[in-house]
Amino acid sequence: MYWIKRILQVLLIILLLAAGYRVALHLYVWLNSAERIAARSEEETRSVVHWLSPDKPLIYTFPTSRTVAIRVLSNAIFASQTVLDKPINYAIEYRLLDSQDNELEKHTYHHASKLALEEGEQQVKQLIEDRQALAVTSGQSFYVDWQQLTEASKISLRLIPEEPSLRGVVVRIHGKTPTNADDVTRTWLKLPQQWRERMTSYHTLGDSGLQPQQIANAVSYDWRKLAPQGIPGIDFDADILYESLPYNVITYDFSAEQFDLDGYYTRPGLAASIRLSEAGDVNLQTQGDMKDLQLIWHDLTQQQAPLTLQPVTTDDPTRFLLPDMQPGLLVIRSRAEMITTWRNELDQVIAPLHSYYYHLNEANQAEYTVQGGSDLQLDMRGAPGSSVQLSVYDAEQQLLRSETLTLAGLNSGFDRLITPETRREAITDSEKRYLRLSRQAHRVTVSSTEPVAVKLQSRHGAMHHQNYVCATLCDAPQNGFTEVGAWFSQSADNEFHFIEQQLILKVRLFSAPPPVEEKQSGYLSQALFVSLPVSNTALVYSPPKYFALPQPAEPFQYTPLVDLAQLYDAQLSIQQTAPVSAPVPKVITLSDTGIRYTEQEVNQLDKVPDLSDPSLQHFINQGTPRDYWKVRLFQLEPGQTLSQNYRGRDKPMAIVIKPFARGPRPVEPLILNTQLDGQFSRVVTEEYSIARKRYALAPDLAQSAFLLHPKNPALTAYPSVTLTIGTDIQQLNQLIVSAEQPLWFALLEEYATPPPQPQWWQHEF
């Protein structure tokens with residue numbers, strides 16, 4: 001009997017194990033039946049989401065007195081993959097209700113969402129439902145702030161599908177609620193993870209290592225997830241969304257119309273522009289009528305007149321092509337509201353620039369901690385006649401100076417304000433003021449009684465401004481030269497207050513085409529024989545601005561000799577003119593072999609020039625247009641410094657350095673250093689002169705230049721460097737120039753009064 005019981009026990013255990021194995025096997029097969037869209041990572045997390053219905057809204061309840069904002073995160077769902085770059089449109093209708101379910105407000109928020117990328121991206125998401133892996137678009141979000149929640153206690157959400165391929169939309173709702181900043185048990189958990197790791201790994205200060213403001217800001221608010229009303233599975237459906245961390249919301253949200261944030265919005269009176277830094281094809285896409293669109297290309301050097309472009313049609317009726325675009329500024333205007341999306345030759349979206357401003361008003365001022373002795377740039381936008389109060393304090397909070405700045409408030413035809421609902425609104429132009437602080441300065445406040453947008457940037461006066469310069473527009477290549485901006489934005493000490501009150505303004509920036517202005521000033525070349533004894537003349541291509549009025553040609557201006565009729569006209573003019581009334585025209589010949597350079601008067605030529613010989617180039621200072629100038633260049637060796645003295649002289653409006661390099665192989669880049677020494681103003685000014693600059697100059701192969709030398713006339717031109725002498729320089733003492741490669745250059749000064757007849761060393765003839 002005993003053995004029978006033991007055998008039965010063993011059989012029972014075997015049966016239980018077999019049943020357990022079968023259940024585990026079925027569970028394993030069921031779990032693995034949902035194929036993953038992308039490989040999971042260790043930084044993956046799961047979130048409970050709820051499906052929106054187009055018929056029955058989801059209702060969420062929240063405490064009115066403790067809720068500062070509502071955040072709605074949503075993802076569009078598909079049963080299969082779709083085109084990655086194709087935006088998927090849907091809308092969410094939300095209503096705010098009071099405790100008695102009375103409707104207070106009703107809005108519709110539109111989304112244009114794109115499918116989340118897969119391998120190697122941190123926005124990978126997937127959703128498992130009924131053993132299927134569904135494709136999920138990138139996360140979208142919109143906020144309902146406290147101004148709409150003063151009486152509301154419920155929010156209802158309903159889906160408005162706008163795509164037939166849309167399977168559905170899942171959402172998760174969070175309420176922003178204040179927490180107790182004195183609750184030390186929550187302080188540690190609310191700190192950013194990087195701070196916690198640093199505290200535990202590097203020192204033992206703990207919370208005492210943080211300022212009280214940092215602790216308060218870290219624990220002031222919390223986002224608490226809200227659950228919909230009703231019974232799960234009956235009143236609403238829930239699901240699990242898998243996503244990688246950190247969770248990044250890629251927003252393409254528009255509350256009024258479904259406009260893509262990557263798009264360029266234009267309408268009458270509000271234009272946009274694109275800075276083209278590389279040559280190549282440009283693609284544009286629009287849903288509007290192309291007849292309402294006007295595209296104009298501007299040459300930023302202003303040597304060519306603006307060119308109106310006609311886009312080429314493609315197989316896609318919404319896409320057009322601008323072939324072979326050259327570097328410059330592309331201005332976009334339209335006769336009606338229009339959104340255009342632009343892509344470069346590699347089909348990458350050309351994104352516009354953005355900047356952030358603090359919105360000042362009577363109740364809110366910006367406060368900054370500054371470095372004594374630094375320089376400030378205050379960027380302001382406000383209505384005409386608006387005033388801004390700038391106050392500077394020392395470390396003891398004693399007022400050092402106070403300035404009232406009045407704004408002109410001119411409307412910007414290019415920049416625009418992006419509202420929290422992503423609407424584009426007109427904004428006034430940027431107005432800048434500059435101030436060099438004393439060494440006692442420690443704190444700066446900016447205030448205004450009118451609504452004004454401000455941004456503060458700073459720099460140290462002795463810091464180098466490093467810039468890569470091309471003749472037109474270009475991107476700095478990876479050649480070891482690091483660009484250093486002139487100004488760096490500074491965050492306000494009370495930035496958290498502006499974020500909390502939603503007083504951070506997002507401004508989209510566009511460049512306006514260069515103005516057409518005929519200068520009445522003149523340039524005077526400087527003789528540098530004492531400092532730089534090595535010099536030579538050169539023939540330099542220097543075309544005028546396209547809008548410049550024709551000026552009488554001078555003897556030092558040449559034109560290519562392409563027709564012997566020019567030579568005969570020059571010889572005939574000598575016979576008809578008294579010998580002392582005008583210089584005799586000359587012919588300059590450049591050869592690839594033998595004697596590389598000759599210069600002869602037209603009445604003493606050995607023989608008639610052979611214009612058919614491709615190894616010879618001829619120039620004559622007769623006829624028009626004469627865009628080649630004969631100038632004297634001075635040589636500056638590496639390690640050698642030019643110090644140009646301006647003490648006791650009228651300061652020029654600007655100093656121009658026209659650089660060149662010797663030889664047929666251009667140096668890339670050519671490094672040039674400049675430094676201005678003088679007495680700088682300590683009051684608020686509208687201009688600012690950077691004392692020290694370091695340039696990396698790219699060769700300008702489109703500009704012809706020849707050194708008039710009998711052995712080696714090869715010369716490479718580089719972009720001119722213009723040093724503006726602003727009103728902030730009370731007295732200019734000297735200019736210091738140095739280069740890191742052998743440099744040939746001409747130094748010109750701009751004055752309001754045009755100079756008299758050029759000196760002999762400037763243009764020899």
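How many bridges join β15 to strand β21, and in which sense do the two strands run? Five bridges join them, and β15 and β21, the latter covering residues 328-334, run antiparallel. Colleagues, before I continue, a word on the basis of this talk. The model is predicted, so local features need pLDDT of at least 70 and side-chain atom pairs count only at pLDDT 80 or more, while totals for chains, interfaces and linings use all residues. Residues are numbered from 1 along each chain as its sequence is written, and side-chain values use heavy atoms, with hydrogens and water left out.

Let me begin with the sheets. Strands here are DSSP runs of E with at least two residues, helices are runs of H or I with at least four, and both are numbered from the N terminus. Two strands pair if DSSP finds at least two bridges between them. Strand β15 belongs to an open sheet of four strands in the order β15-β21-β17-β18, with antiparallel pairing. At its edges stand β15 (272-276) and β18 (307-309), each of which pairs on one side only. From one strand to the next, the twist averages 25°; the axes behind such angles are lines fitted to C-alpha atoms, for helices over the stretch in contact, and angles run from 0 to 180 degrees between N-to-C directions. Within the pairing of β15, Ala272 has Ile332 of β21 as its bridge partner.

An open sheet of five strands follows the order β14-β22-β16-β20-β19, again with antiparallel pairing. Because β14 (264-266) and β19 (312-313) each have a single partner strand, one side of each is left without a neighbour in the sheet. Further in, β16 (residues 280-286) and β20 (residues 319-325) pair over five bridges, and Leu284 is matched with Phe320 in β20.

A parallel pairing is found between β33 (residues 465-469) and β46 (residues 692-697), again over five bridges. Tyr468 has Ala696 of β46 as its bridge partner. Four of the five residues of β33 are buried, where buried means under 20% relative accessible area, exposed means over 50%, and partly exposed lies in between (1.4 Å probe, protein chains only).

I turn now to the disulfide. The whole structure contains one, a disulfide being a pair of cysteine sulfur atoms within 2.5 Å. Cys470 is joined to Cys474, with an S to S distance of 1.6 Å. The link is right-handed, with 75° about the S-S bond. Cys470 counts as buried because its relative accessibility is 19%, whereas Cys474, at 27%, counts as partly exposed.

Next, the charged pairs. There are 20 salt bridges in the structure, each defined as a side-chain nitrogen of Lys or Arg within 4 Å of a carboxyl oxygen of Asp or Glu. Glu93 is buried, at 6% relative accessibility. Arg158 meets Glu93 in a salt bridge of 3.1 Å, N to O. That pair links distant parts of the chain, since Arg158 lies in β9 (residues 154-161) and Glu93 in β4 (residues 88-97), 65 residues apart. Glu93 also forms a salt bridge with Arg95, with the closest N and O atoms 3.2 Å apart. These residues belong to a network of salt bridges linking Glu93, Arg95, Glu103, Lys106 and Arg158. Lys154 forms a salt bridge with Asp101, with the closest N and O atoms 2.8 Å apart. Lys154 is buried, at 13% relative accessible area, whereas Asp101 is partly exposed, at 44%.
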